[in-house]
Amino acid sequence: MKRTGEVESRFEHVASPFAQAEATVPSGHSVRSRMGWIIAAILVLVIAGVAGAWFTMRYLNDPLRTLDPFPVAKYLDSYKGLAGSRFKGTFSVEADLGWKDGTGRLMLFTAPDDDRPVAVMIPAGVANGTFFEKGQTYLMALEVKEGGLIYASTCKKN
Amino acid sequence: MPVRARKIEWCILVAVLAAFWVSVGLAQDQANAAADDQLPADGTLKPAVEVAQQTPAQGTGQVSPQAPANGQAPTIPAGTAGTSLDYLYNKKPAEGSAAAQMADANAVVASRAQAADALNFGKLADPQARHPFDKYLSTSEVPVTTLTAYNAEMKQVSALLTADRTFAAWKELFTLAQYESIDAGVSRELANRIESIWNIGRASDDLGRSNEQLKEDINVSDRNADLMSENIREQDIILQRQANAGNRQGTATARVTPAAGIPDTSPGATTAGGRPAAPTNVSVAGLEGRLQLTQEYLDSLEDRARIKLNDLKAEKLFEDAKRDFASYIQTLSSTGRYQQVVLAADFYRKIFNEDDYPVEIANQVNTSLETARSVRNAVDVFRYDVSRNQIADATTRLQEAFSASPLDPAVLGLERSLKGKSADFLARLDKMQNLIEARDFGPLESIIQDTEQTAVDFDGTKAFALMNAVKLESKLHLGKAKLAAQSGNLQMAMDEFESAAKAWPDNPALQDSSTAFFDTEDTRNQSVTEFDRLIGEKNYRAIFDRQLAFAPAIHGDSKREGQLADALEKIKNAEVATEKANVMRNAGDVCGAWETVEIAAKDLPDDNKLNDLRAELAGKAAQFVEAVNNARDAETRADFGFSLTWYAVAQHYYPASTIANDGITRLSRSILSATGG
């Protein structure tokens, strides 16, 4: 401790050789700098506006924007409270349980906030042409029907 | 009871009897018709079996279920005599039935006869002969003085008869009758018989006197008739003269009757010229005289007829008396009164004044004399045998003498002390017979040996042989019973035990074997009962733990053997599952361990060991177990989509889960097929 105090007191007497010197650059250089700052701000505003407009349009164009997210935990607790209601969910493909013409595809999905899988029936009209692979994420409108089976009325790859 | 009610009862009884006879008649008609149907065309009778074989095929063309096939023995139709015979000869009679009782009675009789034969009972086996002989053996002897006096009296009676002093001999019979212990009053009865014959003689004398009187009456009638005839003749002559004097022109000539006044009323009577006789012209007084004459004539004829009848009556009385007395002698002979037979025969000769007996009486006398001699000889032999301790033969001789003539003085005078030896011997024989009948061979051997010492001529060989044969029979039955029990044939074992016990009830080996058998059977029955109870409770663990006790108990019972094998298989699987679960648990795979136990518990839902392990593992794999249970519950409620999700959740927790994967596969197919429909 004593030794450290001795070093700090020695640097208190050191000073820079340029501490007392004056600048030699002219003042026109600062105007240009100010303009640049203005342009940059404008660009930022434009970009922000475009982005905002894009997000706004996208939000307005989302048909599921009014649906509540699918409550996986609540469903697993008792599906009857959710029967007849429609939800939206962004589910990841977990497994393919089977396909039947005219009926659709039975899949297992997992929600982002709950790792427990849920079985979802994607009717043939909805699943038409879609190739499901594990790990893919889909935005779906979901409805719980009789027997607790979840039906996807829309399914859109996310 | 009112008369009307009685009539009604009689009517009902008659109606019932009539109905019975009508039904019997109908049954016979049907039987006859059936028999006629069975007659072949050529009229020969076929065997019943052949008819039974041919009838179904020939009648309806159908084959009866009872029809014999391939020449096998035909089934005897129910309700025929064949059924009864089949029952009687091929089946054991039920316990308590009449046939069983008859069989038991026959067995008892056979056993008694067998024992009597083994002991050489001979005639003593007959109870009717034995009872009076036993009584005789126990009675005291008649004193010698009494016997001597009686014999002297007998000789005196015979001497009197020889001297033709029949009446004196008859009086001596009453003296003989006073010897009650020997004579038993037979001489008095003989005297009564003789007296009755004499009374018959007196009746015959009365008839003779009556005949004499009748003959005098006949003579009187004849004399009266002669006098009346003379008187009538004189009157007729007087009347004829008067008529000739008063009517000289009279043409009629009084006809002189050939019977001196007795009118001839016969239709064939004619005059001397062959013309029919004219009616006699007689006065009323003359007619009266003729009637009296006729009456005298008829009286004479009647008396002669009475004389003839009396003669016949007397002759019949005499013959009856002879026949009755001969019959009485026969009775004396048949009852063994041989001394009285000889005496009565002598009386017969004297009473009926005959030189010789009839043949029958002569034979009886000879037989009596011979029998008396043989009885005396038998008694002598008895005394000799007793003196040599040959009691068996002595008893036989005495029994022969007694049965031939129980009241012979030689038999009656036999000393009680000598008879007592036979009585003791017979008592031993009786005891041995009872022991053989009861198959109580323990004391029998010693009694036979004792008897052989007291009665040196007693041969116990047959008794020993019978005893040994019965023992061997019992042992053989016992051996068969053991073999049957070992092979599990309980019915046969019981039958053989029963036969062994019947043959020799006190067989010590039987006692031990039966006790062991019944203890074993009791344990076995208890084990079987316990096994059935545990099967009912599905307590296969308890069956597994006691398999060593159950296995021999249910040996041969295919159903229970199958149940035991099934129980052991289930427990074996459970044990394997338990071991597997323990290994998985130790490796940290609690979900897999729980699932292994869970699957194994499906076959053993009440097994405590599995349930304990399952409960323990369920706590450690709670999420997985909850998911599986939720899936099962939802599947039970037919909430297939919900159940599928829970099976997927279970699989999420334990991807290798058989339950979850099977559930997912099963429900996926179900959902797709259902919604597709």
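I began with the strand pairing in chain A of this predicted model, where strand E2 (residues 86-100) and E3(A) pair in the antiparallel sense over 7 bridges. To fix the register I looked for a facing pair, and found Ser92(A) opposite Thr110(A) in E3(A). The link between E2(A) and E3(A) is a hairpin with 3 residues between the strands, and in its turn I noted that Gly102(A) has a positive phi of about 80 degrees.

I then followed E3(A) to its other partner, strand E4 (residues 114-123) of chain A, to which E3(A) is joined antiparallel by 8 bridges. Here Phe109(A) has Val118(A) in E4(A) as its bridge partner, and the hairpin from E3(A) to E4(A) passes through 2 residues. I also checked burial along strand E3 (residues 104-111) of chain A: 6 of its 8 residues are buried, so the strand is largely enclosed by the rest of the structure.

Turning to chain B, I recorded 27 helices and 0 strands. I found that 26% of the 677 residues of chain B count as buried, and that, among its contacts between residues at least 6 apart in sequence, 59% join residues at least 24 apart.

Next I looked up the contact between the chains, in which 17 residues of chain B meet 16 residues of chain A. H26 and helix H27 (658-676) of chain B each supply at least two residues of the side that touches chain A, with H26(B) giving the most, 8 residues. I sorted the residues on that side of chain B into 10 nonpolar, 6 polar and 1 charged.

The largest nonpolar core, I noted, has 67 residues, and those with the most contacts inside it are Ala119(A), Val120(A), Val597(B), Tyr647(B) and Ala650(B). Helix H26 (residues 640-653) of chain B gives the most to this core, with 8 residues, and the core draws at least three residues from each of domain 3 (538-617) and domain 4 (621-677) of chain B. For Val597(B) I listed contacts beyond four places in sequence, among them Ala577(B), Ala581(B), Leu610(B) and Leu613(B). A second, separate core of 48 residues includes Met154(B), Val386(B), Ala394(B) and Phe458(B).

Last, I tested the length of helix H25 (residues 622-636) of chain B: at 1.5 Å a residue its 15 residues should span 21 Å, and the end C-alpha atoms are 21 Å apart, which agrees. Buried residues in H25(B) include Phe624(B), Val628(B) and Ala631(B), and just after the helix I found Ala638(B) with a positive phi of about 70 degrees.

Terms used: Residues are numbered from 1 along each chain as its sequence is written. Chains are lettered from A and ligands numbered from 1 in the order in which they are written. This is a predicted model: local features need pLDDT of at least 70, side-chain atom pairs count only at pLDDT 80 or more; totals for chains, interfaces and linings use all residues. Helices (H or I, at least four residues) and strands (E, at least two) are DSSP runs, numbered from the N terminus. The expected span of a helix is 1.5 Å times one less than its number of residues. A residue is buried if 20 or more other C-beta atoms lie within 10 Å of its own, exposed if 12 or fewer, and partly exposed in between; C-beta atoms are placed from the backbone. Two residues are in contact if their C-beta atoms, placed from the backbone, lie within 7 Å. A nonpolar core is a set of buried Ala, Val, Leu, Ile, Met, Phe, Trp, Tyr and Cys residues joined through C-beta atoms within 7 Å. Domain bounds come from an automatic or database domain assignment. Ala, Val, Leu, Ile, Met, Phe, Trp, Tyr, Cys and Pro count as nonpolar, Asp, Glu, Lys and Arg as charged, and the others, Gly among them, as polar. Two strands pair if DSSP finds at least two bridges between them.
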